Amino acid sequence: LKNSISLVLCLIAALFHRFSGQKFRVEDGVDYILLDTFFIIDLIINEGKFKDTYFPGLPEYLSDKKIDYVYVPKWVGFNHPLRLLRIFKILKKSRTPVLTQFQVLTLADYLDTARFIFLYPFSISRFSRMLGSSYEDKVLCGGLWNAFDGVAYESHMRYLFAKRLTTLKFSKIKCISWYENFVADKNFYRGLRGFSGKTEIIGAQLYVRPHTLMNVFPDQNDIPFNLMPDKILVNGPGFYYDLDQVKVDVGPALRYKYLFKGGQEESLSREIVLVVLPFWDHLVRDILGIISDVDWPKPVKIKFHPTMNWKNYEEMIPKKFTVTSESIQKLLSQALMVVGGNTGALVEALALGVPVINVNKASSINYDYVPEIGKGIIWDQAEDAEEVRKLIAQFENTMDKNSTQLKEEGVRIRSFYFSEPTDELIGQAFELG
């Protein structure tokens, strides 16, 4: 039912797209770079414009080098066609080069998706019956049934979208893709591989991630099925891993260019305590429950993950705390210390020499982003309010008596987890020279 309703909404959005006039014209003989990344609907509507927060600086680099590019977006937060109509008008007005699925998919593709939705439960049932009694098979079967009521058609439409892209006037296809090894990513790559000419896919893992987030690591058994990029870029040396058949290299940390501006550690105003929250609901509630029982030395600002609605947690937030939508870059420049868990923002804070209290309850399933580097010096872990209070005192003492040590640890962490996004590295990593 969810899939059927979503498909109907998608059809309505396609009609709105036609009426909006938003369209990208593919020129004959032009080889475009396809930028496969997320378009967060709430963010675009709130700001009244599209700002690339996944590949910042890359469009400007391509424009400077006279390299043509076009976005092939993955929508985040699509729940009403009228919201997409607003997005189409914003994109048209700003002349952002965007080629959407609504422009290239045909009626046959939507009928194919309806067929997919109808056959999907039968396919899952048939496949489950083929599984054995091993532990792995039982886990797989349980996972399939647990996800059964989710929305599955979107990944299939990414495949159809990619297939339609291959029918356009490209002599070759080069795609730079924000790569998290999702099913939608795999389907998109599989569709692109149907192109008769040369196809090159670079998967960009240019983000801070925990080593325990196992879905990020690709399985080379996917290669025969055309489900993997040709090359994978990671954010820094500390995220490197080795694959036999796919090249893995260190790419430019595009989202973290601000970490490499000189003199930032000296300019920290240290006027707030910054709380950064993940996008896992149970962990958000754990952290809010603990920090509410602490007397903080500075005013507290809470930064929610951009995909989370903070109003769902309003009753848990003390009146004296402030919820902010300011950029993480601006907030870190004000931070005395940073508190949170299960988010890459903690590593950004460490890279600037800002002390971090990593809140993790042993009883909760969590992903540990912070490195072993600097533990006990610039960061440490707390499970409850009492441990948080002890770490506040410890870090205030270090900032007062040995601030140089914090800076040194920050430099070590930055050089390990982030690579400066110079023009030279951008051109080399994405093979644009």
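Select Glu409 and Arg412: the two form a salt bridge, with the closest N and O atoms 3.0 Å apart. This is a predicted model, so read every contact on this tour as computed from it. Both residues belong to helix 14 (residues 403-417). They sit three residues apart, about one turn of the helix. Now compare their surroundings. Glu409 has a relative accessible area of 8%, so it is buried. Arg412 has 45%, so it is partly exposed.

**The sheet with strands 9 to 14**

Select strands 9 to 14 next. They make an open sheet of six strands, ordered 11-10-9-12-13-14. The pairing is parallel. Which strands are at the edges? Strand 11 (322-324) and strand 14 (379-382), each pairing on one side only. From one strand to the next, the twist averages 25°.

Zoom in on strand 13 (residues 356-359). Four bridges join strand 13 to strand 14, and the two run parallel. Pick Asn358. Opposite Asn358, in strand 14, is Gln381.

Now add helix 13 (residues 385-401). Helix 13 lies across strand 12, strand 13 and strand 14. Its direction is at about 165° to strand 14.

Stay here for one loop residue, Asn342. Find Asn342 between strand 12 (335-340) and helix 12 (345-351). Most residues other than glycine have a negative phi. Asn342 has a positive phi, near 60°. Is Asn342 buried or exposed? Its relative accessibility is 3%, so Asn342 counts as buried.

**The sheet with strands 3, 1 and 5 to 8**

Move to the other open sheet. Six strands follow the order 3-1-5-6-7-8, again with parallel pairing. Strand 3 (69-71) and strand 8 (247-250) are its edges, and each pairs on one side only. Neighbouring strands are turned by 20° against each other on average, direction ignored.

Add helix 9 (residues 183-192). Helix 9 packs on this sheet and touches strand 1 (33-36), strand 5 (172-178) and strand 6. Its direction makes about 175° with that of strand 5.

Color strand 7 (231-234). Both of its faces are covered. Lys231 and Leu233 are on one side, Ile232 and Val234 on the other, and all are buried. Look to either partner strand. Strand 6 and strand 7 pair in the parallel sense over four bridges. Four bridges also join strand 7 to strand 8, which run parallel. Leu233 is a good residue to click. Ala204 stands opposite Leu233. In strand 8, the bridge partner of Leu233 is Asp249. Then click Val234, which stands opposite Val250 in strand 8.

**Salt bridges around this sheet**

A search of the whole structure finds 19 salt bridges. Start with Lys174 and Glu200. Their closest N and O atoms are 3.8 Å apart. Lys174 is in strand 5 and Glu200 in strand 6, so the pair links distant parts of the chain, 26 residues apart. Lys174 counts as buried because its relative accessibility is 10%. Glu200 counts as buried too, at 16%.

Next, select Asp222 and Lys186. Their side chains meet in a salt bridge at 3.0 Å, N to O. Asp222 lies in the loop between strand 6 and strand 7, and Lys186 in helix 9, so the pair ties together parts that are 36 residues apart in sequence. With 13% relative accessibility, Asp222 counts as buried.

Now select four residues at once: Asp36, Lys74, Arg158 and Asp185. A network of salt bridges links them.

Before leaving, follow the loop between strand 6 (198-205) and strand 7 (231-234) to Asn226. Asn226 has a positive phi, near 60°. What is its exposure class, and why? Asn226 counts as partly exposed because its relative accessibility is 35%.

**Last stop: a surface patch**

Finish with Phe118, Leu119 and Phe122. These residues form a nonpolar patch on the surface. Together they have about 320 Å² of accessible area. To place the patch in the fold, show helix 6 (residues 107-130), where Phe122 is found.

Notes
Residues are numbered from 1 along each chain as its sequence is written. This is a predicted model: local features need pLDDT of at least 70, side-chain atom pairs count only at pLDDT 80 or more; totals for chains, interfaces and linings use all residues. Side-chain values use heavy atoms; hydrogens and water are left out. Buried means under 20% relative accessible area, exposed over 50%, partly exposed in between (1.4 Å probe, protein chains only). Two strands pair if DSSP finds at least two bridges between them. Axes are lines fitted to C-alpha atoms, for helices over the stretch in contact, and angles run from 0 to 180 degrees between N-to-C directions. Contact means heavy atoms within 4.5 Å. Patches are made of residues with over 30% relative accessible area and no salt bridge: like charges are joined within 9 Å, nonpolar side chains (Val, Leu, Ile, Met, Phe, Trp, Tyr) within 5 Å. Accessible areas come from the Shrake-Rupley method with a 1.4 Å probe; for residues, only the protein chains shown count as cover.
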